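Visitor: Before we go through the terms used for this model, could I have the sequence and the structure in view?

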Amino acid sequence: MRIPAKYRQLTFVSAMSILFTFIMSGIMTYVLEGGFIPHFMSLWMRDWGVAFLIAFGLNFFLPVRIRRFASRFNRIKAVSTVVYAFTISLIMSLILSFVLTAVAAHGFIPGFASHWMSAWSIAFSIVFVLNFFLPQLVGRFVAMLIAKPADARASSYHPEGMKTA
């Protein structure tokens, strides 16, 4: 069974958010918690859940606005792509590293800003690299899941038992 084409964006945003936050939260948990500690997996899953909720919302409204901004640099497509990747990476990594640092520190502790900036530099590096190849991989995966128009017609049901033409 394939996903109807009208859910393409929702499927893409969901898959992108799941994979993106899984990778990023794993690395950030490792950095913020000081390595592979005994309860690393439970902390990682906690951080992944928090990061997913934030990234899912951001992935719905940020890309369109950032593409519009990056399109101002459209004389050279590579420049527009780098501007887009840099801008979305900057915004996403600032927000996600802030929240994950606050969660790992159990609130705002003395020296929070220095912990956050250390975490942000790592988060930015991760997000910037992921934004160059992850959307294309997820896009191909989603394309395989979405029903083609021919599939939709072939699976249509009519009370007379006839298929649509």
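Guide: This is a predicted model. We can begin with a residue of helix 2.

Visitor: Why is Phe-52 called partly exposed?

Guide: Its relative accessibility is 24%. Buried requires under 20% and exposed requires over 50%, so Phe-52, at 24%, falls in between.

Visitor: What makes Phe-56 partly exposed?

Guide: Phe-56 has a relative accessible area of 24%. That value meets neither cut-off, and therefore the label is partly exposed.

Visitor: How many aromatic pairs does the structure hold?

Guide: There are 17. One of them is formed by Phe-52 and Phe-56.

Visitor: Why is the pair of Phe-52 and Phe-56 called tilted?

Guide: The ring centres are 5.5 Å apart, with 35° between the planes. A pair needs centres within 6.5 Å, and stacked needs under 30 degrees while edge-to-face needs over 60; 35° satisfies neither, so the pair is tilted. Both residues belong to helix 2 (residues 40-70) and sit 4 residues apart, about one turn of the helix.

Visitor: What makes the pair of Phe-124 and Phe-128 stacked?

Guide: The angle between their planes is 20° at 5.6 Å centre to centre, which means the pair is under the 30 degrees limit for stacked. These two are also 4 residues apart, in helix 4 (residues 112-145).

Visitor: Why is Phe-124 called buried, and Phe-128 partly exposed?

Guide: Phe-124 has a relative accessible area of 15%, under the 20% limit, so it is buried. Phe-128 is at 23%, between the two cut-offs, so it counts as partly exposed. Other buried residues of helix 4 include Trp-116, Leu-130 and Asn-131.

Visitor: How do you know that helix 4 is short of the span of a straight helix?

Guide: With 34 residues, a straight helix would reach 50 Å at 1.5 Å a residue. The end C-alpha atoms of helix 4 are only 43 Å apart. Helix 4 has a kink of about 50° at Asn-131, shortly before the proline Pro-135.

Visitor: How much space lies in the largest pocket, and which residues are closest to its centre?

Guide: The pocket holds about 550 Å³ of space. Of its 24 lining residues, Pro-63, Arg-67, Tyr-84, Asn-131 and Pro-135 are the closest to the centre.

Visitor: Which helix gives the most to the lining of the largest pocket?

Guide: Helix 3, with 7 residues. By class, the lining has 15 nonpolar, 7 polar and 2 charged residues.

Definitions and conventions
Residues numbered from 1 in each chain as written. Predicted model: local features only at pLDDT ≥ 70, side-chain atom pairs only at ≥ 80, totals over all residues. Heavy atoms only, no water. Phe/Tyr/Trp six-rings, centres within 6.5 Å; stacked < 30°, edge-to-face > 60°. Buried < 20%, exposed > 50% of the residue type's maximum accessible area, 1.4 Å probe, protein only. Expected span 1.5 Å × (residues − 1). Bend = angle between axes of the 7 residues up to and from the residue. 1 Å grid on protein atoms, 1.4 Å probe; cavity = no way out; pocket = protein on both sides within 12 Å on 5 of 7 lines; lining within 4 Å. Points joined across faces, edges and corners; volume = space filled by probe spheres on them. Nonpolar A, V, L, I, M, F, W, Y, C, P; charged D, E, K, R; others polar.
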